[in-house]
Amino acid sequence: MKQQWTKKILMAAAILLSSGVTGHTALSAAGSTTLLNVSYDPTRELYQSENAAFARYWKKKTGQTVIINQSHGGSGKQARAVIDGLEADVVTLALAYDIDAISDSRLIAPNWQKRLPDNSTPYTSTIVFVVRKGNPKQVKTWDDLVKPGVSVITPNPKTSGGARWNYLAAWGYKQKQTGSAVRAKAFVKSLYRNVPVLDTGARGSTLTFAQRGLGDVLLAWENEAHLILREFGSDKFEIVAPSVSILAEPPVAIVDKNVDRRGTRKIAQAYLSFLYTPEAQDIIAKNSYRPRNQAALRKYAANFPKIRLFTLNEIFGSWRKAQKTHFSDGGVFDQISTP
Amino acid sequence: MTPAPRTPGRGDSPKIRIALISLTYLFFAAFVFLPLALVFAQAFQKGWQYYRESITEPFALEALKLTLLTTAIVVPLNAFFGMSAAWAVTKFHFKGKTVLKTLLDLPFAVSPVIAGLIFVLLLGSRTPLGSWLGERGITIIFSTPGIIIATLFVTFPFVARELIPLMEAQGREEEEAALTLGAGGWQIVRKITLPNIRWGLLYGMILCAARSIGEFGAVSVVSGHIRGLTNTIPLHVEILYSEYNYTASFAVSSILVFLALLTVILKGSMEKAYLKTNPQSAKNHEH
Amino acid sequence: MSRFQKLPRHILPGFGLSMGYAVFYLSAIVIVPLSTIFLNTLQMDAETFFSAVSAPRVLASYRLSMTTAFFAALFDALAGMLTAWVLVRYRFPGRKLLDSLVDLPFALPTAVAGICFATLYAPGGWLGVFFEKWNLPVINTPSGIVIALVFIGFPFVVRTIQPVLEELEPEVEESAYSLGANRWQTFRKILFPHLLPALLTGTTLAFARSLGEYGSVIFIAGNLPMKTEIAPLMIMSKLDQFDYAGASAVALVLLAMSFGMLLVLNSIQSWQQKEIR
């Protein structure tokens with residue numbers, strides 16, 4: 001009796017083992033190439049569509065089957081993973097600084113941003129507000145965010161790319177309005193006083209706001225804002241576009257060292273170039289990212305309200321500078337978040 | 001699992017008894033029953049059809065396979081280690097035994113996040129060892145081997161912790177008697193030690209398996225979060241959750257809850273057998 | 001022990017093999033990887049190390065991890081004591097079920113526990129509704145963290161007290177009664193001192209486990225700097241900023257705390273053994 005027991009368990013273990021070993025390679029089927037696209041949080045839905053479209057396009061053009069795997073997470077975290085050996089063929093991150101960091105560890109050529117059109121950013125986006133239906137707190141402009149009693153949800157700029165754009169958008173708005181960095185700092189400080197939760201990624205914040213019902217305003221990527229309306233119902237939330245915001249440019253790049261080792265340079269290049277084609281640009285616009293392609297922009301114009309957009313370089317010089325001044329240890333963000 | 005006490009509830013008035021039992025039920029309701037009910041309520045929110053689709057979707061299946069593969073590799077390795085460590089510690093006398101025993105417990109006290117971090121620091125591609133391996137085309141961190149190694153670390157003590165007190169209590173007379181009768185080393189292990197520690201060993205393996213199925217923190221640090229490739233079931237739950245795919249995330253969680261309940265039942269029934277082989281050790285050893 | 005010493009050291013075969021393998025495996029899986037933390041912090045100079053581990057946000061996270069783990073362990077001690085007592089001393093419908101389910105927190109993946117509690121206590125959630133009414137926010141506050149940690153730690157207390165309670169000789173209690181002690185006096189004077197070592201062991205285990213817990217906490221904590229950021233999250237967040245040295249430094253301090261816990265545990269256990277003899 002007892003021995004039967006032991007036997008049964010051993011057999012179960014053997015079955016588990018064999019099924020695990022044999023079944024594991026299903027998503028890298030024989031005779032096909034795989035690419036790994038390491039991206040930031042909100043682009044899951046976008047790249048699901050883009051990858052399918054590219055696979056069709058590539059099959060038609062060359063007869064080869066390509067499978068594109070996706071990995072998503074906070075932008076900074078994803079960059080770290082690539083630096084530490086995650087074998088990405090391409091990276092599509094939230095901001096140039098994170099790709100610079102990968103480039104600093106010599107995985108990507110330093111001139112990466114010049115290799116593709118439009119500073120290697122196939123689309124742009126901006127930061128908007130999402131409020132609960134009827135806008136009960138009457139949040140219309142950036143200045144409304146610092147009013148007492150208004151609770152603002154935004155992720156942690158230390159870990160989230162989107163959060164850095166949020167922070168820089170608020171700062172840039174005030175600096176443009178007053179021409180003073182000191183007042184911008186005070187403004188941002190009082191804004192973060194109104195933030196009850198700092199999630200590590202943009203997705204975490206969205207869940208906090210939409211699902212757990214915290215906060216009055218969510219600072220979000222424009223595309224994420226539209227996604228919230230689609231996922232949770234436009235009867236519950238509405239989008240408020242501020243009159244001024246930042247032009248967010250999420251860039252893409254090939255990871256040279258990895259594609260050379262894996263022999264995937266050609267297809268990785270084709271994949272990134274594909275993002276600039278009218279077909280891909282249409283998908284981009286459909287997912288509420290602002291396309292570079294004018295035809296696609298016109299087609300979905302209703303999704304993109306007129307917002308005066310300033311660039312990061314205009315206010316902060318460069319991403320490296322912005323990162324160093326604001327988000328490094330002991331930087332401005334640390335200063336304003338210690339009471 | 002517990003032997004009937006000699007005089008149950010001696011001395012306590014019925015009022016106190018009922019009050020204490022109700023209080024216990026209240027605690028369990030808030031901390032155990034409600035969460036369990038919640039998982040199933042949420043999982044079936046969109047109906048049976050949706051539930052089935054969520055758990056049979058290719059990415060969920062791949063994640064399940066990876067989790068099972070990891071468990072199938074980790075459990076035998078740690079079981080074998082546990083046996084040899086227990087053999088060395090309990091059958092012989094040597095200096096530094098206490099130190100060794102403390103070291104065995106170490107992974108238990110280390111935060112899962114640190115458990116992941118150390119392997120990134122050791123085997124990440126910026127480190128000497130990692131880049132050496134990388135040049136030979138071997139990647140460990142952010143792929144399946146990394147997940148397996150981190151899980152090995154986290155589940156390392158379970159079997160040894162079960163076996164050491166058990167074998168200590170059993171002593172070594174039986175083995176020594178066999179030796180004088182001319183039995184060889186492997187024979188002794190197979191014929192005497194293994195049957196004696198059978199239940200303790202299985203028990204430790206079950207704990208080890210449960211933990212390796214459910215590990216989140218350590219695996220989250222070393223996984224590349226690639227859907228279908230380096231996502232374990234708990235990581236898949238997190239991804240679905242942050243994709244607003246709430247119902248699916250609870251549906252996949254329900255598999256884990258099911259496995260957890262299975263573990264608890266197995267553990268309970270095994271404890272009975274375990275107590276018979278050694279009433280001593282079951283006493284002060286849990287986890 | 002003394003029984004062993006009379007015998008020659010190595011009668012049974014396989015010492016070299018089993019010991020060699022155990023030490024090799026231990027070094028490969030535990031010692032060498034853990035040493036990277038020390039090596040990484042050694043590369044920092046004292047000043048950088050100190051400023052990394054004493055930054056206000058880091059200090060706040062240690063404090064939070066310590067206090068939440070402490071309160072959770074305290075609650076676990078009470079709830080665990082109660083549960084163990086009820087399970088051992090009383091017979092009632094559902095006792096077996098409760099007894100098995102004590103282990104559930106151990107078997108349930110922490111991520112699942114995390115999303116469960118986050119959903120239960122969210123405003124409008126099954127329990128969140130009440131806490132909202134009473135104006136006691138749980139989500140994104142230290143109390144939310146404590147709730148998750150109570151869940152994680154409570155089996156440790158129950159499972160260490162239960163066997164001791166079972167072994168207790170009824171004669172001791174009975175003689176106390178016959179000497180005229182009442183129920184409460186017996187518990188306080190006779191039972192409690194006897195249970196104390198096990199209670200301490202269980203509570204320390206729960207505390208040690210809670211100190212490093214990550215999966216179940218991050219979903220409910222809200223991760224607000226200075227307020228609800230636990231120490232393991234601090235390590236994660238340093239890693240996400242490419243700050244390996246900083247992450248190692250924070251990890252080193254957390255490791256030292258865990259070592260401390262192990263030491264406390266060992267001394268409680270040796271005390272316990274003396275008590276039993």
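**Exercise 1. Two helices of chain C**

At what angle do helix 4 and helix 9 of chain C pack, and how far apart are their axes?

*Solution.* The model is a predicted one, and the values below are computed from it.

Step 1. Locate the two elements: helix 4 of chain C covers residues 56-89, and helix 9 of chain C covers residues 142-167.

Step 2. Read off the geometry: the two helices pack at an angle of about 40°, and their axes are 5 Å apart.

Step 3. Classify the angle. Angles under 35 degrees count as roughly parallel and those from 65 to 115 as roughly perpendicular, and helix 4 of chain C is therefore oblique to helix 9 of chain C.

Step 4. Give the handedness: where helix 4 of chain C passes helix 9 of chain C, the crossing is right-handed.

Step 5. Sort the residues of this contact by class, which gives 23 nonpolar, 5 polar and 2 charged residues for helix 4 of chain C with helix 9 of chain C.

**Exercise 2. Chains B and C as wholes**

Describe the make-up of chain B and of chain C, and then the contact between them.

*Solution.* Step 1. List the elements: chain B has 14 helices and 0 strands, and chain C likewise has 14 helices and 0 strands.

Step 2. Consider the extents along the principal axes. The C-alpha atoms of chain B fill a box of roughly 70 × 65 × 30 Å, while the C-alpha trace of chain C spans about 70 × 65 × 30 Å.

Step 3. Look at burial: 55% of the 287 residues of chain B count as buried, and for chain C the share is 48% of 277 residues.

Step 4. Ask how distant in sequence the contacting residues are. In chain B, among contacts between residues at least 6 apart in sequence, 77% join residues at least 24 apart; in chain C, 78% of the contacts with a separation of 6 or more come from residues 24 or more positions apart.

Step 5. Turn to the interface, where 83 residues of chain C are in contact with 79 residues of chain B. On the side of chain C, helix 2 (residues 15-42) supplies the largest share, 15 residues, and by class this side divides into 57 nonpolar, 17 polar and 9 charged residues.

**Exercise 3. The contact of chain A with chain C**

How many residues does each of chain A and chain C bring to their contact?

*Solution.* Step 1. Count by chain: 19 residues come from chain A and 17 residues from chain C.

Step 2. Find the main contributor on the side of chain A, which is helix 3 (residues 75-83) with 3 residues.

Step 3. Divide the side of chain A by class, and the result is 5 nonpolar, 8 polar and 6 charged residues.

**Exercise 4. Two sheets in chain A**

Give the strand order of each four-stranded sheet and explain what sets its edge strands apart.

*Solution.* Step 1. Recall that the strands of a sheet pair through backbone hydrogen bonds, either parallel or antiparallel.

Step 2. Take the open sheet of chain A with the order 2-1-3-10, whose pairing is mixed. Strand 2 (65-73) and strand 10 (252-254) of chain A each have a single partner strand, so one side of each is left without a neighbour in the sheet. On average, neighbouring strands of this sheet are turned by 20° against each other, direction ignored.

Step 3. Follow one pairing: strand 1 (residues 32-40) and strand 2 of chain A run in the parallel sense over 9 bridges, and Y40(A) has G73(A) as its bridge partner in strand 2. Helix 3 of chain A packs on this sheet, touching strand 1, strand 2 and strand 3 (90-92), and its direction makes about 135° with that of strand 1.

Step 4. Take the other open sheet of chain A, with the order 6-7-5-8 and again mixed pairing. Its edges are strand 6 (152-153) and strand 8 (237-240) of chain A, and each has a single partner strand, so one side of each has no neighbour in the sheet.

Step 5. Follow a pairing here too: 2 bridges join strand 6 to strand 7 (residues 217-221) of chain A, which run parallel, and V152(A) stands opposite V217(A). Helix 9 (residues 222-232) of chain A lies across strand 5 (127-132), strand 7 and strand 8, at about 120° to strand 7.

Definitions and conventions:
Residues are numbered from 1 along each chain as its sequence is written. Chains are lettered from A and ligands numbered from 1 in the order in which they are written. This is a predicted model: local features need pLDDT of at least 70, side-chain atom pairs count only at pLDDT 80 or more; totals for chains, interfaces and linings use all residues. Two strands pair if DSSP finds at least two bridges between them. Helices (H or I, at least four residues) and strands (E, at least two) are DSSP runs, numbered from the N terminus. Two residues are in contact if their C-beta atoms, placed from the backbone, lie within 7 Å. Axes are lines fitted to C-alpha atoms, for helices over the stretch in contact, and angles run from 0 to 180 degrees between N-to-C directions. A residue is buried if 20 or more other C-beta atoms lie within 10 Å of its own, exposed if 12 or fewer, and partly exposed in between; C-beta atoms are placed from the backbone. Angles under 35 degrees count as roughly parallel, over 145 as roughly antiparallel, 65 to 115 as roughly perpendicular and the rest as oblique. A crossing is left-handed if the near helix is turned anticlockwise from the far one by less than a right angle, and right-handed if clockwise. Ala, Val, Leu, Ile, Met, Phe, Trp, Tyr, Cys and Pro count as nonpolar, Asp, Glu, Lys and Arg as charged, and the others, Gly among them, as polar.
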